[in-house]
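Here are a few notes to go with your first look at this one. Have the sequence and the 3D view open as you read.

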Amino acid sequence: MTPAERTQAVSPLRAEGLTATEIAARFQFVTRSAVLGLLHRNRATIAAAPERKAKPKPPPKPKPKPQRVSPAEGPRELPPEPAGQNAKPFLADGGGCKWPLWDRPDAVSKLLVCGEARAAGQVYCAHHHMRARGSGSQGERSAVRAAMKARL
């Protein structure tokens, strides 16, 4: 099929309002992209497709109002800090708290971690878990972070 024949074959199909995918399906070994290229190159000779009516958009669903949760009596207090007597190298086995002890002068060179007993499923002991997560609910912690960013 010559280019002129292809243009003549595609023109009535486009005038009917068929999409490039539907036109390509009518021809063997022709892709949608090939049809689009042909339509683009010959847009002066091929009749424009009739305008399609846009589907009306459904009205937006109302968003549920967030429920405010009253904060607890106040921020939770940290459990007592571990004495640090169980400090051990980071790679040592034993399943203890993995909080790094950077504040100790001997800890940096030896990569010492807390080593206290940790709660089931946690990486840190109770004290370091609270220091890592902060107090309050997830929403309260997010609000504090947002307020801190706003100050900067």
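1. Let's start with helix H3. The buried residues of this helix pack against two others, helix H1 (3–16) and helix H2 (20–26). Keep in mind throughout that you're looking at a predicted model.

2. Which residues of H3 are buried? Helix H3 covers residues 32–41, and the buried ones are Val35, Gly37, Leu38 and Leu39. A bit of background for reading a list like that: an α-helix has 3.6 residues a turn, so residues three or four places apart point the same way.

3. Next, have a look at Pro12, which sits in helix H1. With a relative accessible area of 42%, Pro12 counts as partly exposed. Try finding Ala49 from there: Pro12 and Ala49 are 37 residues apart in sequence, yet their C-alpha atoms are 9.5 Å apart in space.

4. Now the cysteines. How many disulfides does the structure hold? Zero. Cys97 is worth a check here: its closest cysteine sulfur belongs to Cys125 and is 3.8 Å away, which is too far for a bond. The cut-off behind that call is 2.5 Å between the sulfur atoms, so the pair doesn't count as a disulfide. Looking from the other end, Cys125 is in no disulfide either, and the nearest cysteine sulfur to its own is that of Cys97.

5. Are these two cysteines buried or exposed? Cys97 is buried, at 0% relative accessibility. Cys125 is buried as well, with a relative accessible area of 5%. Both fall under the 20% limit, so both get that label.

Terms used: Residues are numbered from 1 along each chain as its sequence is written. This is a predicted model: local features need pLDDT of at least 70, side-chain atom pairs count only at pLDDT 80 or more; totals for chains, interfaces and linings use all residues. Side-chain values use heavy atoms; hydrogens and water are left out. Buried means under 20% relative accessible area, exposed over 50%, partly exposed in between (1.4 Å probe, protein chains only). Helices (H or I, at least four residues) and strands (E, at least two) are DSSP runs, numbered from the N terminus. Contact means heavy atoms within 4.5 Å.
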